[in-house]
Amino acid sequence: MSHTDLNSPTFSQIADAGKEMHRLMEDLFPICRSITGNGVRETLRRIGQHVPLDVREVPTGTQVFDWVVPNEWNIADAYVSDTKGNRIIDIRKSNLHVVNYSRPIRATVALSELKEHLHTIPEHPDWIPYRTSYYSDNWGFCLSHKQFLELKDEAYQVVIDATLESGHLTYGECYLPGEISDEVLISCHVCHPSLCNDNLSGIAVATFLAKALGSSHRRYSYRFLFVPGTIGPITWLALNAAQVSRIKHGLVLTGVGDSGPFTYKTSRQGNALIDQIMSHTLRHSGKPYSIIEFFPYGYDERQYCSPGFDLSVGCFMRTPHSQYPEYHTSADNLAFVQPDQLGDSLFQCLTALMVLENNRTFLNQNPYGEPQLGKRGLYKQIGGDSDKAKKEMALLWVLNLCDGRHSLFDIAERSGQKFETVHAAAEILVEHGLLKELPGASEVC
Amino acid sequence: MSHTDLNSPTFSQIADAGKEMHRLMEDLFPICRSITGNGVRETLRRIGQHVPLDVREVPTGTQVFDWVVPNEWNIADAYVSDTKGNRIIDIRKSNLHVVNYSRPIRATVALSELKEHLHTIPEHPDWIPYRTSYYSDNWGFCLSHKQFLELKDEAYQVVIDATLESGHLTYGECYLPGEISDEVLISCHVCHPSLCNDNLSGIAVATFLAKALGSSHRRYSYRFLFVPGTIGPITWLALNAAQVSRIKHGLVLTGVGDSGPFTYKTSRQGNALIDQIMSHTLRHSGKPYSIIEFFPYGYDERQYCSPGFDLSVGCFMRTPHSQYPEYHTSADNLAFVQPDQLGDSLFQCLTALMVLENNRTFLNQNPYGEPQLGKRGLYKQIGGDSDKAKKEMALLWVLNLCDGRHSLFDIAERSGQKFETVHAAAEILVEHGLLKELPGASEVC
Amino acid sequence: MSHTDLNSPTFSQIADAGKEMHRLMEDLFPICRSITGNGVRETLRRIGQHVPLDVREVPTGTQVFDWVVPNEWNIADAYVSDTKGNRIIDIRKSNLHVVNYSRPIRATVALSELKEHLHTIPEHPDWIPYRTSYYSDNWGFCLSHKQFLELKDEAYQVVIDATLESGHLTYGECYLPGEISDEVLISCHVCHPSLCNDNLSGIAVATFLAKALGSSHRRYSYRFLFVPGTIGPITWLALNAAQVSRIKHGLVLTGVGDSGPFTYKTSRQGNALIDQIMSHTLRHSGKPYSIIEFFPYGYDERQYCSPGFDLSVGCFMRTPHSQYPEYHTSADNLAFVQPDQLGDSLFQCLTALMVLENNRTFLNQNPYGEPQLGKRGLYKQIGGDSDKAKKEMALLWVLNLCDGRHSLFDIAERSGQKFETVHAAAEILVEHGLLKELPGASEVC
């Protein structure tokens, strides 16, 4: 039985991967990203140091379904200085200080006018909020409420040294071909500046997932998309409409680094195989989790699950967006996301993909009554350890349900056993000639 | 988008309607109704002052399926008088005093014999019970148990000045044609004398529902039946068998005036659209309610849901029959049924019919990815009020699910939103050309 | 309406049957059974005194699917004696003393070597365990742990005077032809020596079930199998493969004599008619019970439910195997299984089979509206007793659901009434010409 060699990693491998992912986040944290511009380009360049990445440039003005690729935004400097020339709000201290996608400005304004362009979070007076002005002609600054309250009534110089001009939208694509052309899509948004959970965590987990899969035998082909939110997937879908139907399963990765329990938001279909597999994986993870139903808001699953595509794409997160106070603030920083949390999220993704990879359908070659396991030493072969009873039951379940109408995943679900246990039983039975794969039925569900 | 103008009434409109319905009940209360006879005729005449009503007369002896239209019963007087000539039980005090459909009698009887024909409620010694002797050759009187205990051992004169002769069965029909010939049936029984909840309440709500629909644009055609119980719907079904199949949805209205929580008894099908809509309406009503499953007992839904018809007809009530002590007694009077309770029942019916009227299926015209709502000012258009977030979500839900396989009602159910909110979102999207109706698919479910 | 005369037995009949079944157990208890040999032959001979039984002999070496019929085991004597010649472990005291299917031996061994062949239950020091060495070349003795601890360090003579040679596998078959060739299978294993609940209880209940059915009119044909565990049903299935498809429903009977609540383990299909009927029967039994889902372990349902057959065969038990301490020990004796427990188990089986026998599909002959029951005296006919309301409701349910798409069992399930009540209502309606059987639809489900 040819099968993937994507095996369950050990705890120390997970811990190591967690640390490496955190280092990647540290590397990417200072870059000022937006939906277009050099911030994304630089981000993709560094991701490309870990995995083979094709960087695509789509010209401003390109029609992508109902949308048009917007101008490219690049920022050189941004600050507000007081009459003495002190930069009291300064992009060099935090990318969040400038409202993302602000139009350029250079002006002297009174405090009252300035205030109309300032954003704070009164409930968290030390935190800087993250704000954007995509698709609207505006500018602004973000600062802590504490600092806001200390502003004196004087004239301020406002400088946003940015360009908002025709250029390109940039995204990255890592394609890993497998045995079959059916694809698994992993998508994460790369447009947020200096925010860790949203979404350097998703970028880091996607990158290391691609790394792990890149060095494994793959049944499925994998497509990793590193795209700006909303306009990114819409652009990709518009430019690749012909091959969208190859995507059989997918995950949007976002907010996978905080300390909250796992959350899986199902695809629009609600009971797609990926939905069932993520549910199985989290149920057997021994960790707290929740499964939430699809709703047409949130992240880029909105686009993949739009009615014209209706892909089997769910969203894997820890705490859902806006349900943690640090969301879209300067408190979503490198301390907020810990290596172990990243490692554990990566592990759940790998476990789920291992189920996908190994989910095949077999036929019991002795379907009339039970085959005699004893004479084949099968009770012995699996015996010895404390899981003996569970493993024997897995052999019996696999034999009983391998009637061509149940995949290994179906068997795992019906028997209540972990997929891994059922898969191991199937491998033993294949070795003894008691099972044979049913060709072309790997997706029976 | 052509749509009904049957809009959600205001609280004061409901209160006014409640008072008017109560006045109609007061008007009808004194009439001595039965399954046939002038009581029903006079009742229909007065209903006809509110809505256009066709009164049908079906001759005694007409075969209607397994039944035969019975004799017509008319009563001029009925009393029991003592030896001094005092009318101690007197129909002029309450129609309930005579057992309904009693055969005529004029006799002098001893107390012991009289007692065999008397009915009381020992547990409620002040109340007069309501009894009938349909389809059996009998006579009797009903009185309070208190009065019964005071009867002296003397000879009594018993007079029931009634006729039970060949004549007609009378029922009323109010047909309101709509855009399409598919019909919604509203049925209530009109055979009970001087009982308010059962069923002057149903008559009043049906009448005002017909009034409200009569002055609205209607997609569906509506048929209101004011019929004697059991034999009435059987007669109507037998005489209109050819057009029964036009009835797509329906409600039997009864006991809608007491102060108990709403009750909806599903159709025999159990999950017909009307069942789902009534459930949705009550779930979102903010009032206590229960949904009970069909059983082949109760009111005229028994006939509409007989296996040969199996119509999508449920029964809307407040407290179900026989579950309140006043049921079928003189305590089911004009004080037992209050205007607000009638108004609120009417409101639930109107709300449910508004769902039926406005339940259409649309196609998202930009199904690939989300359309750009911002450039159309759609976030602004719906914004401002406190329901903004809910309304934005409704826009997104409608866009996401308008794939031709979901009606607006399906979308309301899946999104957990009120139908009204979803419908309003659809109207906005239609205005912006983002949705188009899918012709002929209005009933996709 | 032709119907079975298998009526609900009275309590005293059940009590009598319980006692007779216990007497049969007493008769069979002393016989030393195994999967092959004279123990089974003698057991079948005695069962054959109660019911007509065909005894089949299948030669050693016969290939039956993946298995081969094993050697025949017969035992004349078995003991361990001390140096003084005292038989300290003696098969004449209990058949359990010898490991079942032990190979012959005659040797003198030291205590240390003997101990490698001894089996005890330290937690229950007075009980003798039951052990087997099927399909392995071994020998051994079982004894109480108390006795084990008293063994002195001396030389022991070990004698197992057994033969393990080419011969036959023996099983019994009682076939009761019915109106139709569709079969109901009742199977029980007959290989355990001197253990009452497992499985003289199953043998006794199966025998008396066959006795009861033998003297009744039968719609179904019934096949009772008295077979050694595992190899027995595999042999029967292999030799009767062509006619297996006649088996439409079935039960494995085992462990039906202990005092625990009833347990029904569903067929592999999970929702077969027999599964629904057993669930219905136990739900209405007024006794504690549980329904457990199929799993591919336990008794001979494993073979009947193997994927090549996937028969509608469940397993009826009281406490499931290994969940009571007496399981497979000398404590599973004649006192452990009481007559009333056997009687009650028999009663549940009979009740369930009565549902199967009487489950037919009828057509309401007056499907348009309700037929007029009053004029036929039907309210009177069923009246009088305290169950009147329930019986009237049954009449109405049967009329309402006899549309050709609901069997009587479906009607019982939907109405929440006992099958018996629904069946009685149907019989009355058939008598009055209101129902007619829909030929060939008896299994509509």
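1. In chain C, strand β17 (residues 361–364) is joined to β19(C) by three bridges, and the two strands run in the antiparallel sense. One of the residue pairs can be named: Asn364(C) has Leu435(C) of β19(C) as its bridge partner. This is a predicted model, and the points below should be read with that in mind.

2. The pair just described belongs to an open sheet of three strands in chain C, arranged in the order β18-β17-β19 with antiparallel pairing. Its edge strands are β18 (403–407) and β19 (435–437) of chain C, each of which pairs on one side only. From one strand to the next, the twist averages 35°. As general background, the strands of a sheet pair through backbone hydrogen bonds, in either a parallel or an antiparallel manner.

3. Chain C also holds an open sheet of four strands, in the order β5-β4-β9-β6, and here too the pairing is antiparallel. The edges are formed by β5 (87–90) and β6 (105–110) of chain C, since each pairs on one side only. In this sheet the twist averages 20° from one strand to the next.

4. Within the four-strand sheet, β6(C) can be followed to its partner. Strand β9 (residues 155–165) of chain C is joined to β6(C) by six bridges, and the two run antiparallel. As an example for inspection, Ala107(C) has Val158(C) in β9(C) as its bridge partner.

5. The next points concern the packing of helices. Which helix of chain C packs against helix α7 (residues 273–283) at an angle of about 45°? The partner is helix α12 (residues 408–415) of chain C, and the two axes lie 11 Å apart. An angle between 35 and 65 degrees falls in the oblique class, and α7(C) and α12(C) are therefore described as oblique to each other. The crossing of α7(C) past α12(C) is left-handed.

6. The contact between these two helices can be listed residue by residue. From α7(C) come Leu273(C), Gln276(C), Ile277(C), His280(C) and Arg283(C), while α12(C) supplies Phe409(C), Ala412(C) and Glu413(C). By class, the residues of this contact of α7(C) with α12(C) comprise four nonpolar, two polar and two charged.

7. Helix α7(C) has a further helix contact, with helix α9 (residues 339–358) of chain C. The axes of α7(C) and α9(C) come within 9 Å and cross at roughly 125°. An angle between 115 and 145 degrees is again classed as oblique, and α7(C) and α9(C) are therefore oblique to each other. The crossing of α7(C) and α9(C) is right-handed.

8. In this contact, α7(C) contributes Leu273(C), Ile274(C), Ile277(C), Met278(C), Thr281(C) and Leu282(C). The residues on the α9(C) side are Gln348(C), Thr351(C), Ala352(C), Val355(C) and Leu356(C). The contact of α7(C) with α9(C) divides into eight nonpolar residues, three polar and no charged. Leu273(C) and Ile277(C) take part in the contact with α12(C) and also in the contact with α9(C).

9. Some details of the backbone deserve a check by the reader. In chain A, the peptide bond from Asp198(A) to Asn199(A) is cis, with omega near 20°, and Asn199(A) has its place in helix α5 (residues 196–214) of chain A. In chain C, the bond from Asp198(C) to Asn199(C) is likewise cis, with omega near 20°. Asn199(C) is found in helix α5 (residues 196–214) of chain C.

10. In chain B, Tyr101(B) has a positive phi of about 75°, although Tyr101(B) is not a glycine. Where does Tyr101(B) lie? Its position is in the loop between β5 (87–90) and β6 (105–110) of chain B.

11. The final point is the relation between the chains. A turn of 120° with a shift of 0.1 Å along the axis lays chain B on chain A, with an RMSD of 0.0 Å. That is the relation of a three-fold axis. Among the residues of chain B, Asn271(B) comes closest to the rotation axis, its C-alpha lying at 13 Å. Chain C can in turn be laid on chain B by a turn of 120° and a shift of 0.2 Å along the axis, with an RMSD of 0.1 Å. In chain C, the C-alpha nearest the axis belongs to Asn271(C), at 13 Å.

How values were computed. Residues are numbered from 1 along each chain as its sequence is written. Chains are lettered from A and ligands numbered from 1 in the order in which they are written. This is a predicted model: local features need pLDDT of at least 70, side-chain atom pairs count only at pLDDT 80 or more; totals for chains, interfaces and linings use all residues. Side-chain values use heavy atoms; hydrogens and water are left out. Axes are lines fitted to C-alpha atoms, for helices over the stretch in contact, and angles run from 0 to 180 degrees between N-to-C directions. A crossing is left-handed if the near helix is turned anticlockwise from the far one by less than a right angle, and right-handed if clockwise. Contact means heavy atoms within 4.5 Å. Ala, Val, Leu, Ile, Met, Phe, Trp, Tyr, Cys and Pro count as nonpolar, Asp, Glu, Lys and Arg as charged, and the others, Gly among them, as polar. Two strands pair if DSSP finds at least two bridges between them. Copies are superposed by least squares on the C-alpha atoms of residues with pLDDT of at least 70 in both.
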